[in-house]
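Visitor: I'm new to reading protein models, and I'd like a close look at just one part of this one. Could we pick the pockets and take it slowly?

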Amino acid sequence: MGFLLGLLSALCLCAAFMRTASEPEDCARWDDLDTAVVHKDGHVVLAGMFPIHSKGVEQEHAYKQRPGRRKCRGFNLRVFRWSQAMIFFIEEINRNPALLPNITLGYRLYDTCGLEQLSVRTALSVISQPLKSWGGRCVSPSLPLIIGDSGSTLSMAISRVLNLNSVPLVSYFASCACLSDKRQFPYFFRTIPSDVNQADALARLVRHFGWTWVGTMGADDDYGRTGIDMFTAEVTKLGVCVAFRVIIPKLPSSESMREIVTIIRDSTATVIVAFAIEEDIHPVIQEIVRQNVTGKQWVASEAWVTSTLISTRENLPFLDGTIGFAIRRAEMPELKQFLETLNPLAEPHNPFAREFWEMQFQCSLNTTEPFASTTESTAYNNTCTGAERIQDTDSIYNDVSQLRVTYNMHKAVYSVAHALHNMLMCQHGGGGRGGARTLTSGCADIHTLQPWQIVQYLKEVSYTNLFGDVVHFDANGDPVGSYDIINWQKNGDGSVKYVTVGRFDSSLPLQQQLVFSQRDIVWHGAHREVPVSVCSETCPTGYRKASRTGQPVCCYDCVLCAEGTISNCTDQPECIPCPEDFWSNKKRDSCVVKEIEFLSYTESFGMALAAMAILGALSTAAVAAIFLWHRRSPIVRANNSELSFLLLLSLTCCFLCVLTFLGRPSHWGCRLRRTSFGISFALCLSCLLSKTLVVLMAFQATLPGNSVARWFGPTQQRLGVLVCVAVQVPQSVCSKSCLPGTRKAIKPQFPACCFDCVACAAGEISNQTDAIVSEIPTCVLVQHKNRAREEVWNFSILAV
């Protein structure tokens, strides 16, 4: 039995081979995995993948039968324009005799509905195209690469499938930085800048305007999540904090939208940075309008900053002033004419053109042409007459004022054309340009082109397009990061006007990359002043930032600098101590010279001290005047009037010496105060000591045979005073050598410094005061003995 089955199989294979040999013009036709295809044959066929329908229709699978075609909804006029633009660019290349001469480019355009499953299915359909006859043999068609898809997540899924067959993927709208990883995506190229550039530019823009407290929002895909992560990493380096991080689900519900908008509304952050495509952020904007959330400044990524789906009259009161980075645009007036000449019944048949026509004019076409397989036909009450004109309509389809993604499509198609042209111009025998692999020793045959043969030519593409831009890919397959800065402003009719207020170009030096005109920006609420978005207000000069426990560094309290420290800039983390001779002012924003403190006549204590000194001097002078008036009286004469007058004079000088300690010290004032007081006080003590000794000797002289009194006569008294003063005077004069002048007694913790005389060294001070100090105990001792003598004498008088 097994032998018979084997024999039957061999016979079938031989019959199939003989039929193929006898009829070489007939090749086996493989069906596309999906029939929603716009196609035109050519020597080289380019595949294009577009999410012409933005959403998928949920379908239930019972797993009892083969699932039907995937259905989609939400016809996207903007994406349909992209697909038509690809056709226009291919036809333009075919008409150009200088580019790909004698070679006709064809195309196969697919609708992926923005779904990963359908995108992968479409990619498999592309790499398993029907066979065609070439030179008497069946070969695969020349479909060397795919242009698409629009989303980063879709492009990642497609690229992983295409990697198995070394098929290049050239994307016009997938900007995720993860696609630059050549280890995972070795055959991926794109004409839109990587989000690395956009995240860096957005972070620098946010920091420039002083926004330190911002919210972030992103779609639940690689584009949104990676974009938020890169922006957060860059902006954190610049000292900006993220208030919240919101992820928009791909299948939004009313509850999830309410939660997202509640977070936005309740946050103190007034600036929101959003990474999402227009289809994903649209439900959030609708909920914002419903809840009437205003006062938020939106910062848009390139995916929705020029979206007409979002920038409507109804949304403008909530989104006016939006600013963001947009892909560079180009003027293509010929494209508008091509778009407006669309005929849904023309050949090659375009099933999406029929759907567009019926939706645009709200009528049904009377035709037997099949409808696109990804959507259900809609029955309209009116029948299209054929006299409808796209020129009479105004929609995003024929609006060519903001051709940004379309310009990326232009770069993608022309980059592929230039790569094919370089391959065509390769001379036989050269071995393949740049080391590209070929089936023979010569160059690759464009009629039997294999996908991997064009990769090297794509890497080496470099040309200047019609708009003056140089197009090339770097080592990661990325173009130069170049953006326009767009600001949403209100037109006179209430519509949105996209105003270019600056640019970003990563190829320029760092200081020249980000350039914009701030005076041209109109912020949310039609204000010209830059909005404020901070967790804490800016700390003014004189204050420092004190971080709040458990909160981001952007949330802090402003604390007044301590005395003696200042902050002369706003938002200083620490206060700066003032120099030694300076002190902080009342505002704590600058250091001022410390106030000089000294004992002044104008102070209350100085006035009281001066009054007491003058009163003491006057009192002493009055006593001296009384003594002088009664100088011939016995009691004055008995008290040795010379010593008494000298004592009173020295006391007067001592009182007056106090006045030398008042007022601002000077060089000679410091010398005078110590010298005058030392001599005056020494004279006073010397007179007092002399008088005390005289009294003591007087009591001693009452004893029989005691002749000591004769040694203490007036001459001896004068001599004793002279000797004591003579000891003090040289020391007081010599002490001037240790008094070079004045000094400031500075203490860092006090706002003023004491202005005083320079002190002597310890040894010099002791030498100066030894004589004065030694006289004091002598006087005390002698006076104590006199007191004992007086008590005995007084007792004897009483006994008598």
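Visitor: How many residues line the largest pocket, and which of them lie nearest its centre?

Guide: Before we dive in, keep in mind that this is a predicted model. The largest pocket has 35 residues in its lining, and E278, T308, L309, T312 and I396 are the ones that lie nearest its centre. Its volume comes to about 930 Å³.

Let's see which pieces of the chain build that lining. Helix α8 (278–291) gives the most, with 5 residues. At least two residues each come from β3 (53–56), β4 (72–75), α2 (77–94), α8 and β19 (496–505). Sort the lining by class and you get 9 nonpolar, 13 polar and 13 charged residues.

Now hop over to the second largest pocket, which holds about 730 Å³ of space. It is lined by 33 residues, and S54, G114, L115, K250 and I277 sit closest to its centre. Some names come back here: β3, α2 and α8 each supply at least two residues to this lining, and so do α3 (116–127) and α4 (152–163). The classes split into 11 nonpolar, 9 polar and 13 charged residues.

K250, one of the residues closest to the centre of that second pocket, has another role in the picture. Salt bridges with shared partners tie K250, D221 and D280 into one network.

There's a closed space to find as well. Searching the whole structure for cavities of 30 Å³ or more turns up 1, and the space inside is about 70 Å³. Its lining is made of R78, R81, T306, T308, I396, D399, Q402, R404 and V405. Did you spot T308 and I396 in that list? Both are also among the residues nearest the centre of the largest pocket. By class, the cavity lining has 2 nonpolar, 3 polar and 4 charged residues.

While we're on charged residues, let's follow a few salt bridges, since the whole structure has 20 of them. R313 pairs with D493, with the closest N and O atoms 3.3 Å apart. These two come from distant parts of the chain, 180 residues apart: R313 is in the loop between β14 (297–300) and α9 (316–319), while D493 is in the loop between β18 (482–490) and β19. R313 counts as partly exposed because its relative accessibility is 47%, whereas D493, at 51%, is exposed.

R328 and D484 make another bridge, also 3.3 Å from N to O. Here the partners are 156 residues apart, with R328 in the loop between β15 (323–327) and α10 (333–340) and D484 in strand β18. D484 has a relative accessible area of 9%, so it is buried, while R328 is partly exposed at 29%.

For a local pairing, try K237 and E234, whose side chains meet at 3.8 Å, N to O. Both belong to helix α6 (residues 222–237), where they are 3 residues apart, about one turn of the helix. K237 is exposed at 65%, and E234 is partly exposed at 26%.

One last stop is on the surface. L719, L722, V723 and V727 make a nonpolar patch of about 370 Å². Look for V723 in helix α19 (residues 714–734); its relative accessibility of 47% is why it counts as partly exposed.

How values were computed:
Residues are numbered from 1 along each chain as its sequence is written. This is a predicted model: local features need pLDDT of at least 70, side-chain atom pairs count only at pLDDT 80 or more; totals for chains, interfaces and linings use all residues. Side-chain values use heavy atoms; hydrogens and water are left out. On a 1 Å grid over the protein atoms alone, a cavity is a set of points where a 1.4 Å probe fits but cannot get out, and a pocket is an open set with protein on both sides within 12 Å along at least five of seven lines; lining residues have an atom within 4 Å of a point. Grid points are joined across faces, edges and corners, and a volume is the space filled by probe spheres set on the points. Helices (H or I, at least four residues) and strands (E, at least two) are DSSP runs, numbered from the N terminus. Ala, Val, Leu, Ile, Met, Phe, Trp, Tyr, Cys and Pro count as nonpolar, Asp, Glu, Lys and Arg as charged, and the others, Gly among them, as polar. Patches are made of residues with over 30% relative accessible area and no salt bridge: like charges are joined within 9 Å, nonpolar side chains (Val, Leu, Ile, Met, Phe, Trp, Tyr) within 5 Å. Accessible areas come from the Shrake-Rupley method with a 1.4 Å probe; for residues, only the protein chains shown count as cover. A salt bridge is a side-chain nitrogen of Lys or Arg within 4 Å of a carboxyl oxygen of Asp or Glu. Buried means under 20% relative accessible area, exposed over 50%, partly exposed in between (1.4 Å probe, protein chains only).
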